[in-house]
Amino acid sequence: MNENQAIPGPGDFNPRRPFFNRFGLTQFIGQVCNCDNSNYNALQTKLQRQFSHGLDFLLTYTWSKALGSSENAGGFSDNYNVRASYGPMSWDRTHTVTFEHNWDLPFGRNRHWTLGNNLVADAVLGGWRLSGVHTWGSGLPFTPTVSNFPLLNADFNNVRADTIGNPSVPNQNASLWFNPAAFTEPQQPFRNGTAGRDSLRGPILAVSNLSLSKNLIPSERWSLELRGDAFNVFNHVNLALPNSTIDVGGAGQITAIQVPMRQMQFGLHFQF
């Protein structure tokens, strides 16, 4: 935190800096302190099947809330009022579902369908394993901020907006995720905005990764695995957080994504 922040009030910044009157210092003076606090509460559940008949899986669901006072980059908004920065943590997702699985496909030697013990059919179709990790999560939080705050007259690390309306919009999309007109610059002098830190939520996360693999050398000492991996296999567009600065061009718009679009790779893994 900046120990030399100007105390909000009228007049020039420097006379209101603690280290200016004593030492003539105007620069940022950082201090690491035990002035923050955080907590995490959750309901965590899982449904698990141990490997049997060629299949194992793990299904988990978490309903959680993570709260704290620290802003992301730049420390607390107002170093003289750390408590006002208390809110959801930047990584907080209210709901998260994950599904992981390994399935030995039932084709080939020593499996349910032996393919008539045909060597060619077994070499092409037999012995494959389908693995995957699928994740669904509710949106991450973000804070409506302003770039212009003439009434504040202090060097806060970041300034939250005043809430004056309903930020919700019908049919949220990349062109308009929230209503910037529901916010304005702080309307009272020498104070931060009324919008809570991380009080809005961004788009959900939905991503599936799949792998198809086959061991070409069934041996306890070594193996040669042929595999193909597909990341974000369904090519779902996972929108990132919107531009949350309400008094600039493009406010409320999304111009990035959380995870890349579908990517595929193929390889041979030799293990010994």
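# A guided tour from an outlying loop to the core

Begin by selecting P189, which at 43% relative accessibility counts as partly exposed, and keep in mind throughout that the structure on screen is a predicted model. P189 is found in the loop between β8 (183-184) and β9 (200-201). If you now add V233 to the selection, you have two residues that are 44 apart along the chain, and their C-alpha atoms are separated by 52 Å.

Next, move to the strands that follow in sequence. Select strand β10 (residues 205-215) together with strand β11 (residues 223-231), which pair in the antiparallel sense over seven bridges. To see one of these bridges, pick S213, whose partner in β11 is R227. Then extend the selection to strand β12 (residues 263-271), because β11 and β12 also pair in the antiparallel sense, here over nine bridges. On this side, F231 stands opposite Q263 in β12.

Stay in strand β11 and select S223, which has its place there. Is S223 buried or exposed? At 13% relative accessibility, S223 counts as buried, the cut-off for that class being under 20%. Setting aside its neighbours within four places in sequence, S223 is in contact with N215, I217, H269, F270 and Q271. Of these, F270 is worth displaying with S223, since the two are 47 residues apart in sequence and yet 5.8 Å apart in space, C-alpha to C-alpha.

Now turn to strand β2 and select T62, which has its place in that strand. T62 is buried, with a relative accessible area of 17%. Which residues surround T62, apart from those within four places in sequence? T62 is in contact with Y40, A42, L43, Q44, T94, H95 and T96.

The aromatic rings make the next stop, and the count comes to six aromatic pairs. One of them is formed by F57 and F99, a tilted pair at 5.9 Å centre to centre with 50 degrees between the planes. F57 lies in strand β2 (residues 55-68) and F99 in strand β4 (residues 95-104), so the pair ties together parts that are 42 residues apart in sequence. F99 itself is partly exposed, with a relative accessible area of 27%.

For a second pair, select F178 and F183, which meet edge-to-face at 6.1 Å centre to centre, with 75 degrees between the planes. Both F178 and F183 are buried. Add F142 to the selection as well, and you have the three residues F142, F178 and F183 that form one aromatic cluster. A ring of another kind of interest is that of Y86, where R83 lies over the face at 4.3 Å from the ring centre.

Finish at the core, keeping F178 and F183 selected and adding I246. Which members of the largest nonpolar core touch the most other members? Of the 15 residues in that core, they are F178, F183 and I246. In soluble globular proteins, nonpolar side chains tend to be buried together. To see the wider surroundings of F183, display its contacts beyond four places in sequence, namely P144, A161, D162, T163, I164, P167, F178, A195, L200 and I246. F178 thus appears in this list of contacts and also as the edge-to-face partner of F183, while I246 appears both among the contacts of F183 and among the residues that touch the most other members of the core.

Conventions
Residues are numbered from 1 along each chain as its sequence is written. This is a predicted model: local features need pLDDT of at least 70, side-chain atom pairs count only at pLDDT 80 or more; totals for chains, interfaces and linings use all residues. Side-chain values use heavy atoms; hydrogens and water are left out. A nonpolar core is a set of buried Ala, Val, Leu, Ile, Met, Phe, Trp, Tyr and Cys residues joined through side-chain atoms within 4.5 Å. Buried means under 20% relative accessible area, exposed over 50%, partly exposed in between (1.4 Å probe, protein chains only). Contact means heavy atoms within 4.5 Å. Two strands pair if DSSP finds at least two bridges between them. Helices (H or I, at least four residues) and strands (E, at least two) are DSSP runs, numbered from the N terminus. Rings of Phe, Tyr and Trp (its six-membered ring) pair if their centres lie within 6.5 Å; planes under 30 degrees apart count as stacked, over 60 as edge-to-face and the rest as tilted. A charge sits over a ring if NZ of Lys or CZ of Arg is within 6 Å of the ring centre and within 35 degrees of the ring normal.
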